Amino acid sequence: ADQWPQYELHLSQHQQGSVLHFSIDLLIADFASIQILLAELGELYNHPDRQLSPLQISYRDVVLARKRIQADTNEETRYQKHKNYWLERIKNLPQPPELPMAATVQPRGNEQKVIFDRLHVELPKKQWQTLCKKASSRQITPSSLVLSAFTETLSRWAKRPEFCLNLTMLNRSTAHPDIRGIVGDFIEVNVLGVQ
């Protein structure tokens, strides 16, 4: 994290064609920013003579605007109030969920071999729309519904019914139309205590 650049681009050339290898540290760009970069690389690959429209603002401008807002007296009071709330709240937040380890995990010395699998489920469009309507009729968002199902599943496996989760949220402002094209880290973390 202390050495620039925090990204790399390499090109492998083969008889069948070329492969662009792209690596970036998530400290400098969130998932939406990476999608922006990949879309622009694809655009330039498919249309090398095309000029991308220049942005009128930069990530630096966004950071400086946030600092100006935070320096406002009313915002500082609001920030201090929220900070005090969380400093008190954190004393009572539960620990992360303690989940069972798979029986296939064998200790090696002081280490344990841990394997992560990413599971994916996609609902058919009609089923998702029905779920969204049911959520809306109960005045909750589809995201809240999915999060509730996730926490319910975790609670069935966790050793304790109370636990805490870190939730990452994309906080990309809409104050300027060019913000949609800026590459940066717009992720904020919120804490959810589950009971």
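Helix H2 (59–71), helix H3 (73–89) and strand E6 (187–194) each contribute at least two residues to the lining of the largest pocket. The structure is a predicted model, and the values reported here are to be read with that in mind. The volume of the largest pocket is about 930 Å³. Its lining is made by 24 residues, of which Gln70, Glu75, Arg78, Asn171 and Glu188 are the closest to the centre of the pocket. Helix H3 supplies the largest share of this lining, with seven residues. By residue class, the lining of the largest pocket divides into 12 nonpolar, six polar and six charged residues.

**Charged pairs**

Side chains of opposite charge can pair when their charged atoms come close. Across the whole structure, the search finds seven salt bridges, and the table presents some of them with the separation of the closest N and O atoms.

| Salt bridge | Closest N and O atoms |
|---|---|
| Arg50 and Glu43 | 2.1 Å |
| Arg78 and Glu75 | 2.9 Å |
| Glu98 and Arg160 | 2.3 Å |

The pair formed by Arg78 and Glu75 leads back to the largest pocket, since both residues are among those closest to its centre. Arg78 and Glu75 both belong to helix H3, where they are three residues apart, or about one turn of the helix. Arg78 has a relative accessible area of 45% and is therefore classed as partly exposed, while Glu75, at 22% relative accessibility, also counts as partly exposed, given that a residue is called buried under 20%.

The salt bridge between Glu98 and Arg160, with its closest N and O atoms 2.3 Å apart, joins two loops. Glu98 is placed in the loop between H3 and strand E3 (107–108), and Arg160 in the loop between helix H5 (142–157) and strand E5 (163–170), so the pair ties together parts that are 62 residues apart in sequence. Glu98 is partly exposed because its relative accessibility is 36%, and Arg160 is partly exposed because its relative accessibility is 30%. Lys159 also takes part here, as Glu98, Lys159 and Arg160 are linked in a network of salt bridges.

In the salt bridge between Arg50 and Glu43, the closest N and O atoms are 2.1 Å apart. With 42% relative accessibility Arg50 counts as partly exposed, and Glu43, whose relative accessible area is 25%, is likewise partly exposed.

**A nonpolar patch on the surface**

Leu9, Leu11, Leu20, Leu38 and Leu41 together make a nonpolar surface patch of about 430 Å². Strand E1 (7–14) and helix H1 (31–46) are the elements that give two or more residues to this patch. Leu11 is located in strand E1, and its relative accessibility of 52% is the reason why Leu11 counts as exposed, the cut-off for that class being over 50%.

**A proline in helix H5**

Pro142 is found in helix H5, and it counts as partly exposed because its relative accessible area is 28%. Between the C-alpha atoms of Pro142 and Pro96 the separation is 24 Å, the two residues being 46 residues apart along the chain.

How values were computed: Residues are numbered from 1 along each chain as its sequence is written. This is a predicted model: local features need pLDDT of at least 70, side-chain atom pairs count only at pLDDT 80 or more; totals for chains, interfaces and linings use all residues. Side-chain values use heavy atoms; hydrogens and water are left out. Patches are made of residues with over 30% relative accessible area and no salt bridge: like charges are joined within 9 Å, nonpolar side chains (Val, Leu, Ile, Met, Phe, Trp, Tyr) within 5 Å. Accessible areas come from the Shrake-Rupley method with a 1.4 Å probe; for residues, only the protein chains shown count as cover. A salt bridge is a side-chain nitrogen of Lys or Arg within 4 Å of a carboxyl oxygen of Asp or Glu. Helices (H or I, at least four residues) and strands (E, at least two) are DSSP runs, numbered from the N terminus. Buried means under 20% relative accessible area, exposed over 50%, partly exposed in between (1.4 Å probe, protein chains only). On a 1 Å grid over the protein atoms alone, a cavity is a set of points where a 1.4 Å probe fits but cannot get out, and a pocket is an open set with protein on both sides within 12 Å along at least five of seven lines; lining residues have an atom within 4 Å of a point. Grid points are joined across faces, edges and corners, and a volume is the space filled by probe spheres set on the points. Ala, Val, Leu, Ile, Met, Phe, Trp, Tyr, Cys and Pro count as nonpolar, Asp, Glu, Lys and Arg as charged, and the others, Gly among them, as polar.
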